[in-house]
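Work through the following exercises with the sequence and the coordinates at hand. Each task is followed by a solution in steps.

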Amino acid sequence: MTGTLYGLGAGPGDPELLTLKAHRILTASPVVAYPAPDSGESFARSIVADFLSAEQTEIPIVVPMRAERFPAAEVYDGAAQTIAAHLDAGHDVAVICEGDPFFYGSFMYLFERLGPRYPTQIVPGVSSIMASSAALMQPLAARNDVLSVIPGPLADDELQARIVISDAVAIMKVGRHFARIKALIERLGLMDAAGYCERVSLSEQKILPLAAVDADTAPYFSTILIYRGGEAWIRDLAAERFSDAS
């Protein structure tokens with residue numbers, strides 16, 4: 001009998017947004033793995049730190065955090081081998097992932113390598129998009145609105161093409177692309193509909209009209225939400241709060 005591999009969504013940062021199921025599995029697993037930078041603490045681990053015990057074996061999956069490309073396949077190959085050894089020994093392994101494991105989550109690369117070989121369970125987590133909408137106090141999408149989730153690193157022409165055909169937009173992975181994305185949204189005349197959400201659910205959370213953010217870059221964990229859909233009251237809600245900052 002091998003152990004079970006668990007992919008646990010840890011949510012956007014607030015430990016209280018960890019689901020009861022994820023908490024139960026996390027505290028019962030003898031082995032816990034999580035992504036970690038090559039310097040500084042692991043954000044994923046920090047979310048669940050208060051729930052870990054000294055008896056658990058921890059496996060940091062060290063992923064270099066820098067702009068240039070790194071051998072990601074080698075990192076996940078090595079981590080998969082380490083985790084597989086614990087699974088083969090009959091130990092359950094809980095892999096912590098910020099947000100949701102299958103929504104831009106790093107766990108999916110371990111699942112690719114280990115899922116076909118071992119019993120696996122995925123526990124969904126609160127995504128940063130849903131947390132951002134709640135923090136912004138504005139519905140994300142309604143009725144037949146089409147929601148587009150767009151990675152910030154896309155080129156301007158592709159960003160624009162996807163924004164203009166959507167009723168609601170969530171732009172993720174903003175980071176060093178912030179100034180360029182903000183300029184594009186301004187050219188499209190959508191500043192009155194755009195909200196900026198940074199480090200949502202954490203103590204340093206910032207929720208602002210996009211027009212009020214005066215910066216060239218933004219943290220990786222930042223999201224821009226735009227609503228231009230069919231619900232007039234949601235459009236009016238955004239315009240009322242954001243227009244003064246334009």
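**Exercise 1. A helix position**

In which helix does R187 lie? State also whether R187 is buried or exposed.

Solution. The model is a predicted one.
Step 1. Locate the residue: R187 belongs to helix α7, which covers residues 178-187.
Step 2. Apply the cut-off for exposed, which is over 50% relative accessible area. R187 has a relative accessible area of 57%, so R187 is exposed.
Step 3. Relate R187 to another helix. L136 is 51 residues away along the chain, and the two C-alpha atoms are separated by 23 Å. L136 is one of the buried residues of helix α5.

**Exercise 2. The chain as a whole**

Describe the secondary structure, dimensions and surface of the protein chain.

Solution.
Step 1. Count the elements: the protein chain has eight helices and ten strands.
Step 2. Compare the radius of gyration with the globule rule. The value is 20 Å, close to the 18 Å that the rule gives for 246 residues, so the chain is as compact as a globular protein of that length.
Step 3. Take the extent along the principal axes: the C-alpha atoms fill a box of roughly 60 × 35 × 30 Å.
Step 4. Turn to burial and contacts. Of the 246 residues, 46% count as buried. Among contacts with a separation of 6 or more, 71% are between residues 24 or more positions apart.
Step 5. Characterise the surface and the charges. The accessible surface comes to about 12,100 Å², and carbon and sulfur atoms account for 53% of that area. The chain has 19 positive and 30 negative charges, whose mean positions are 4 Å apart.

**Exercise 3. Strand β1**

Which strands pair with β1, and in what sense? Work out how β1 is placed in the structure.

Solution.
Step 1. Check burial. Strand β1 spans residues 5-9, and five of its five residues are buried, so β1 is largely enclosed by the rest of the structure.
Step 2. Recall the general pattern: side chains in a regular strand alternate between the two faces of the sheet.
Step 3. Assign the directions in β1. L5, G7 and G9 point one way, Y6 and L8 point the other way, and all are buried.
Step 4. Find the partners. β1 runs parallel to strand β4 (residues 93-97), with five bridges joining the two. A parallel pairing over four bridges links β1 to strand β5 (residues 120-123).
Step 5. Name a partner residue in each strand. G9 has C97 of β4 as its bridge partner, and L5 stands opposite T120 in β5.

**Exercise 4. Two buried isoleucines**

What are the surroundings of I83 and of I224?

Solution.
Step 1. Place I83: this residue is in helix α3 (residues 72-88). With a relative accessibility of 0%, I83 counts as buried.
Step 2. List what I83 touches beyond its neighbours within four places in sequence: L5, A33, I59, V93, V95, L110 and L114. One of these contacts, L5, is a residue of β1.
Step 3. Give a distance: the C-alpha atoms of I83 and L110 are 9.2 Å apart, with the two positions 27 residues apart in sequence terms.
Step 4. Place I224: this residue is part of strand β10 (residues 222-227). I224 is buried too, at 0% relative accessible area.
Step 5. Apply the same exclusion to I224. The contacts are V169, A170, I171, V174, F178, I181, I185, A194, G195, Y196 and L210.
Step 6. Compare positions with A94. I224 and A94 are 130 residues apart in sequence, and their C-alpha atoms are 31 Å apart.

**Exercise 5. Helix α5 and positive phi values**

Which residues of α5 are buried, and what covers them? Then examine the phi values of M137, R199 and S201.

Solution.
Step 1. Take α5 (residues 128-136): the buried residues are I129, A131, S132, S133 and L136.
Step 2. Identify the cover. Elements that cover these residues include β6 (147-151), β7 (168-172), β8 (194-198), β9 (206-209), β10 and α8 (232-242).
Step 3. Recall the norm: most residues other than glycine have a negative phi.
Step 4. Inspect M137, which follows α5: its phi is positive, near 60°.
Step 5. Inspect the loop between β8 and β9. R199 is found in that loop, with a positive phi near 45°. S201 is in the loop between β8 and β9, and its phi is about 80°.
Step 6. Classify both by accessibility. R199 is partly exposed at 33%, and S201 is partly exposed at 21%.

Definitions and conventions. Residues are numbered from 1 along each chain as its sequence is written. This is a predicted model: local features need pLDDT of at least 70, side-chain atom pairs count only at pLDDT 80 or more; totals for chains, interfaces and linings use all residues. Side-chain values use heavy atoms; hydrogens and water are left out. The radius of gyration is taken over C-alpha atoms; the globule rule is 2.2 Å times the number of residues to the power 0.38. Buried means under 20% relative accessible area, exposed over 50%, partly exposed in between (1.4 Å probe, protein chains only). Contact means heavy atoms within 4.5 Å. Accessible areas come from the Shrake-Rupley method with a 1.4 Å probe; for residues, only the protein chains shown count as cover. Lys and Arg count as positive and Asp and Glu as negative; His and the chain ends are not counted. The place of a charge is taken as NZ of Lys, CZ of Arg, CG of Asp or CD of Glu. Two strands pair if DSSP finds at least two bridges between them.
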